Amino acid sequence: MTSALPAIFLFFLLFAFTTTTTSAGNGLVLDSDGDPLRNGGEYFMSPINGGGIFAGAVRHGSGTNCSLAVIRSSGSRWSTTISSPFKILYISEKLPLNISFAQFAPNVCTKSKNWLVTRSYPIREPVMVGSAQEFDGSVMDGYFSIWSVDETKGHYKLVFCHTGGECGNIGVLVDINNFQRLAVTVDEPLVLKFDKVKESSDASKLSMVV
């Protein structure tokens, strides 16, 4: 009898967690139509003051080596896949998340669609696209998350939480090429809303070959 108690206790903990993270009114992240974000769903991240999110090639030196940076644009927008490692139907605020571009144009920089944060100069912690192996040990350990800014308007911000450390806002920093780069910052966050994908993403129409 005593050996069964821990299993029962864990069952109720799992049940409580699943209930609180999938029931409406318990911190669910809502899209611009007022519907909860589906785990693994495809959405446009739309800055509330206009524009979109896409990737741009950043060259390294004078050669052909390059990587892709996540950039805010005035027009182009690529859809993203937002997923949690937890087996839940909907995305809640402050859950650990994986973010990737849902569609991807051919390019010579990377074959990975995944977002990650790297240690870099002069933008200290930019949001990049690729795999950890491509960045020579400069990838920061941690995870993305969505936090509410104004839940009544469906306005949210992205944060990056360092493993065992603090969470920082994802904001916009302008680099030497005048790209508006997404990066971890102590400054104001980039405030977003999440739009369902009801049209083909611009990523399918662009060539990223550099």
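Where is K94 found? K94 sits in the loop between β4 (80–83) and β5, and the views below take it up along with a few other spots. This is a predicted model, where local features need pLDDT of at least 70, side-chain atom pairs count only at pLDDT 80 or more, and totals for chains, interfaces and linings use all residues. Residues are numbered from 1 along each chain as its sequence is written, and side-chain values use heavy atoms, with hydrogens and water left out.

**View 1. The whole protein has one helix and 12 strands.** Helices (H or I, at least four residues) and strands (E, at least two) are DSSP runs, numbered from the N terminus. Starting from that end, the order is α-β-β-β-β-β-β-β-β-β-β-β-β. Of the 210 residues, 44% are buried; buried means under 20% relative accessible area, exposed over 50%, and partly exposed in between (1.4 Å probe, protein chains only). The protein exposes about 11300 Å², with carbon and sulfur atoms supplying 55% of it. Those areas come from the Shrake-Rupley method with a 1.4 Å probe, and for residues only the protein chains shown count as cover. Take the contacts (heavy atoms within 4.5 Å) between residues at least 6 apart in sequence: 54% of them join residues at least 24 apart.

**View 2. D195 makes polar contacts with two serine side chains, S32 and S46.** You'll find D195 in strand β12 (residues 191–196). D195 counts as buried because its relative accessible area is 11%. Its side chain makes a polar contact with the side chain of S32 at 2.6 Å, and another with the side chain of S46, also listed at 2.6 Å. A polar contact here is a pair of N or O atoms within 3.5 Å; within protein, one must be able to donate a hydrogen and the other to accept it, and residues adjacent in sequence count only if both atoms are side-chain atoms. Leaving aside neighbours within four places in sequence, D195 is in contact with S32, Y43, F44, S46 and R77.

**View 3. C66 and C109 are joined by a disulfide.** A disulfide is a pair of cysteine sulfur atoms within 2.5 Å, and here the S to S distance is 2.0 Å. The pair ties together distant parts of the chain, 43 residues apart: C66 is in strand β3 (residues 66–73), C109 in the loop between β5 (98–101) and β6 (115–117). The torsion about the S-S bond is about -110°, so this disulfide is left-handed. Both C66 and C109 are buried.

**View 4. C161 and C167 form a disulfide too.** Their sulfur atoms are 2.0 Å apart. This bridge is right-handed, because the torsion about the S-S bond is about 105°. C161 is buried at 3% relative accessibility, whereas C167 is partly exposed at 35%. The whole structure holds two disulfides, and they follow the pattern 1-2, 3-4 when bonded cysteines are counted along the chain.

**View 5. Some backbone oddities turn up in loops, including one at P122.** Most residues other than glycine have a negative phi, and most peptide bonds are trans. Y121 and P122 are joined by a cis peptide bond, with omega about 5°, and P122 lies in the loop between β6 and β7 (127–129). K94 isn't a glycine, yet has a positive phi of about 70°; K94 is exposed, with a relative accessible area of 52%. N178, likewise not a glycine, has a positive phi of about 65°. N178 is found in the loop between β10 (167–174) and β11 (180–185), and is exposed at 62% relative accessible area.
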